[in-house]
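Please open the model in your viewer and keep the selection tool at hand, for this tour moves from one selection to the next.

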Amino acid sequence: MPRQWTASPIAVPRASAADYLKLEKRLLLLAWLNSLVGYKTNAELLSDIKQAGEGFDADGRSYVYHHLVGRGAKLKVGLADLQQYDDNIRNHLAAINQRRPEPITLRYFQHLALLYTEVFLDLRFNRPATLLQMLNEFVRSLNARKPAGDPLEPEFAEADLNKLAYWMATGSGKTLILHVNLRQFLHYHKKPLDNILLIT
């Protein structure tokens, strides 16, 4: 007689705050992007930026833009670039909202995801050598501050610049972000594409 298999519950330990921080500290691209807007950690960024209003003012500038500009010298993204990124996000969102009965207003964390995508794609397609140099200078700076014996972070290679991953909570609007990301990619990628394969 064949053996019967029964499923038994498996205890899976919950991730602790320390485990969460370990993951965050391994996300070098995120840490680099955070540093460009003047934050040392993702928690610090999100805690501060959620104070910014949502949406755009009468002049078409987002409140996230104003909040970041208010950081003064901590902001490492050029003002002209930041304005262009803000314009792009507003235009992409307007296109997404064009046929929606209820227009979407971006939450602060969604706006940040799109802003970070703008920064990355602009550098990736328009100044890839600069992007690689900036990332590796950041990695070397991190490695120089590590205690002796700690493993060093590897530097980025050009092939590493072809992938982006988004770390977002369930229910945070990843599908909406995906739609805008596609428009962002097509905006910066000027070469014709044979097709786009979307796997969810």
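Begin by selecting Trp32 in this predicted model, and then add Leu123, Leu131, Met134, Leu135 and Phe138, which Trp32 touches when residues up to four places away in sequence are not counted. Trp32 also belongs to the largest nonpolar core, a set of 44 residues in which Trp32, Ile49 and Leu68 have the most contacts. To see where this core comes from, colour α2 (28–36), α3 (42–49), α4 (63–69), α5, α6, α7 (128–144) and α8, the elements that each give two or more residues to it. Which of these elements gives the most to the core? It is α6, with 10 residues. In soluble globular proteins, nonpolar side chains tend to be buried together.

Next, select helix α8, residues 174–188, whose 15 residues reach 21 Å from the first C-alpha to the last, close to the 21 Å expected at 1.5 Å a residue. Within α8, show the side chains of Leu176, Ile177, Val180, Asn181, Gln184 and Tyr188, which are buried. If you turn the view to look down the axis of α8, these buried residues fall within an arc of 135°, and therefore they line one face of the helix. Adding α5 (79–97) and α6 to the view shows what the buried residues of α8 pack against.

Now turn to the aromatic rings, of which the structure holds two pairs. Select Tyr108 and Phe109, an edge-to-face pair with 5.2 Å from centre to centre and 85° between the planes. Tyr108 is buried, because its relative accessible area is 16%, under the 20% limit, whereas Phe109, at 25%, is partly exposed.

The other pair to select is Phe125 and Phe185, again edge-to-face, with 5.7 Å between the centres and 70° between the planes. This pair links distant parts of the chain, since Phe125 lies in helix α6 (residues 108–126) and Phe185 in helix α8, 60 residues apart. Are these two rings buried or exposed? Phe125 counts as partly exposed at 26% relative accessibility, and Phe185 likewise counts as partly exposed, at 29%.

Finish with two places where an arginine lies over a ring. Select Arg71 together with Tyr39, and you will find Arg71 over the face of Tyr39, at 3.7 Å from the ring centre. Then select Arg61 and Tyr65, where Arg61 lies over the face of the Tyr65 ring, at 5.1 Å from its centre.

Note on methods:
Residues are numbered from 1 along each chain as its sequence is written. This is a predicted model: local features need pLDDT of at least 70, side-chain atom pairs count only at pLDDT 80 or more; totals for chains, interfaces and linings use all residues. Side-chain values use heavy atoms; hydrogens and water are left out. Rings of Phe, Tyr and Trp (its six-membered ring) pair if their centres lie within 6.5 Å; planes under 30 degrees apart count as stacked, over 60 as edge-to-face and the rest as tilted. Buried means under 20% relative accessible area, exposed over 50%, partly exposed in between (1.4 Å probe, protein chains only). Helices (H or I, at least four residues) and strands (E, at least two) are DSSP runs, numbered from the N terminus. A charge sits over a ring if NZ of Lys or CZ of Arg is within 6 Å of the ring centre and within 35 degrees of the ring normal. The expected span of a helix is 1.5 Å times one less than its number of residues. The arc is that of the directions from the helix axis to the C-beta atoms. Contact means heavy atoms within 4.5 Å. A nonpolar core is a set of buried Ala, Val, Leu, Ile, Met, Phe, Trp, Tyr and Cys residues joined through side-chain atoms within 4.5 Å.
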